[in-house]
Amino acid sequence: MLPRVIDSLSFLYLDVVRIHQDDTGVCAEITTESRGRETVYLPTAALACVLLGPGTSITTPALATFARHGTTVVISGMGGVRTYAAATPANLTTTWLEHQASAWADSTRRLAIATAMYEQRFGQAPPGATLQQLRGLEGQRIKALYKLLATQHRIGRFRRNYDPNDWDTQDPVNLALSAANTCLYGIVHAAILALGCSPALGFVHSGNQQALVYDIADLYKAELTIPLAFSLHASTHPEAEARRSFRDELRLFRLMPRIVRDLQALLAPDTATPPDEDSEEQMVDLWDPVTGLIPGGTNHAPT
């Protein structure tokens, strides 16, 4: 039995390696001056996401094994800082994608899910609050958190600044926060794809292929990436330390199961599959305007 996505390891970052399939499994060949060539076997069935950094090559059989095991493969920049493309497993059902598309296309349901996302961040929203007011409340919460953490770490006033074109001039907190957020986006992206949902159909964010990724990631930043970034305010290598520290914290935080549960509860609160139930592979059905779905793989010609 393959592990379910909620039981998967979060992510594995690889660079300057050759990944291939042999008779035993998928392995990574690593060459170092001190140890020469080493072969490390990868737990493909237990990985939710593999980040392939610069200098990495992968064979078609190895990539096919990742796909069979439901592992998302992401092509990333050095250290996983940027995401360029992703390979999505094909053996996924459309159950949760249909929930997502149905809610996204209905303005009333979309507003309800967007409101629920804001409420999950800061608690119960004021009765009758508009989406603009909710955005304002969220902005106030984040500003207050920045001020609190800046005071705790005695770094003076902090202002969030993200400029990819002027990367090296940013202060350590901004660099660490950008690096940690990128890792968070990769994990959220993997969870969304593992459920068969579309990362492009967001409820708060819109107009980007990672709109839903940003929606879900925002639920955890105040708890995970922002405090971590402020703790690295004196670091000389904030990006690398942020990635390492973030991954260490995930073992305690159990982020992947939480993402799956939260996403299911948001998209279909009344029908979300309990996380301890194993999902079975579903056959492709046919849509019918009267009955809904009818069995596929059957000859429906009149007898």
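**Entry 1: cysteines**

I started with Cys-27, which is buried, with a relative accessible area of 0%. A reminder to myself: this is a predicted model. Next I looked up Cys-183, and this residue is buried too, at 3% relative accessible area. Then I wanted to know how many disulfides a search of the whole structure finds. The search came back with 0 disulfides. For my own memory, a disulfide is a covalent bond between the sulfur atoms of two cysteines.

**Entry 2: aromatic rings**

On to the rings. I counted the aromatic pairs, and the structure holds 5 of them. I looked at Tyr-146 with Phe-230: the ring centres are 6.1 Å apart and the planes sit at 35 degrees, so I put this pair down as tilted. Why tilted? The label tilted goes to planes that are neither under 30 degrees apart (stacked) nor over 60 (edge-to-face), and 35 degrees is the angle for Tyr-146 and Phe-230.

Where do Tyr-146 and Phe-230 lie? Tyr-146 is in helix 4, residues 131–153, while Phe-230 is in helix 7, residues 225–231, so the pair ties together parts that are 84 residues apart in sequence. I also checked how much of each residue is accessible. Tyr-146 has 15% relative accessibility and counts as buried, because the cut-off for buried is under 20%. Phe-230 is buried as well, with a relative accessible area of 0%.

Phe-230 turned up again in my next lookup, with Phe-158. Their ring centres are 4.8 Å apart and the planes are at 65 degrees, so I noted this pair as edge-to-face. This pair links distant parts of the chain as well: Phe-158 is in the loop between helix 4 and helix 5 (172–194), Phe-230 is in helix 7, and 72 residues separate them. Are Phe-158 and Phe-230 buried or exposed? Both are buried. Putting my notes together, ring pairs link Tyr-146, Phe-158 and Phe-230 into a cluster.

**Entry 3: salt bridges**

Charged side chains next. How many salt bridges are there? The count comes to 5.

I took Arg-37 and Glu-29 to begin with. They form a salt bridge, and their closest N and O atoms are 3.8 Å apart. That passes, because the cut-off is within 4 Å. I found the partners unlike in accessibility: Arg-37 counts as exposed at 61% relative accessibility, whereas Glu-29 is buried, with a relative accessible area of 18%.

Then I went back to helix 4. The side chains of Arg-141 and Glu-138 meet in a salt bridge there, at 3.0 Å from N to O. Both residues lie in helix 4, 3 residues apart, which is about one turn of the helix. Arg-141 counts as partly exposed at 24% relative accessibility, and Glu-138 counts as buried at 9%. I followed the contacts onward and found a network of salt bridges that links Arg-121, Glu-138 and Arg-141.

My last lookup was Arg-258 with Glu-223. They form a salt bridge, with the closest N and O atoms 3.2 Å apart. Arg-258 is in helix 9, residues 255–267, and Glu-223 is in the loop between helix 6 (211–217) and helix 7, so to speak distant parts of the chain, 35 residues apart. I noted Arg-258 as partly exposed, with a relative accessible area of 28%. Glu-223 is partly exposed too, at 43%.

How values were computed. Residues numbered from 1 in each chain as written. Predicted model: local features only at pLDDT ≥ 70, side-chain atom pairs only at ≥ 80, totals over all residues. Heavy atoms only, no water. Disulfide = S-S within 2.5 Å. Buried < 20%, exposed > 50% of the residue type's maximum accessible area, 1.4 Å probe, protein only. Phe/Tyr/Trp six-rings, centres within 6.5 Å; stacked < 30°, edge-to-face > 60°. Helix = DSSP H or I, 4+ residues; strand = E, 2+ residues; numbered from the N terminus.
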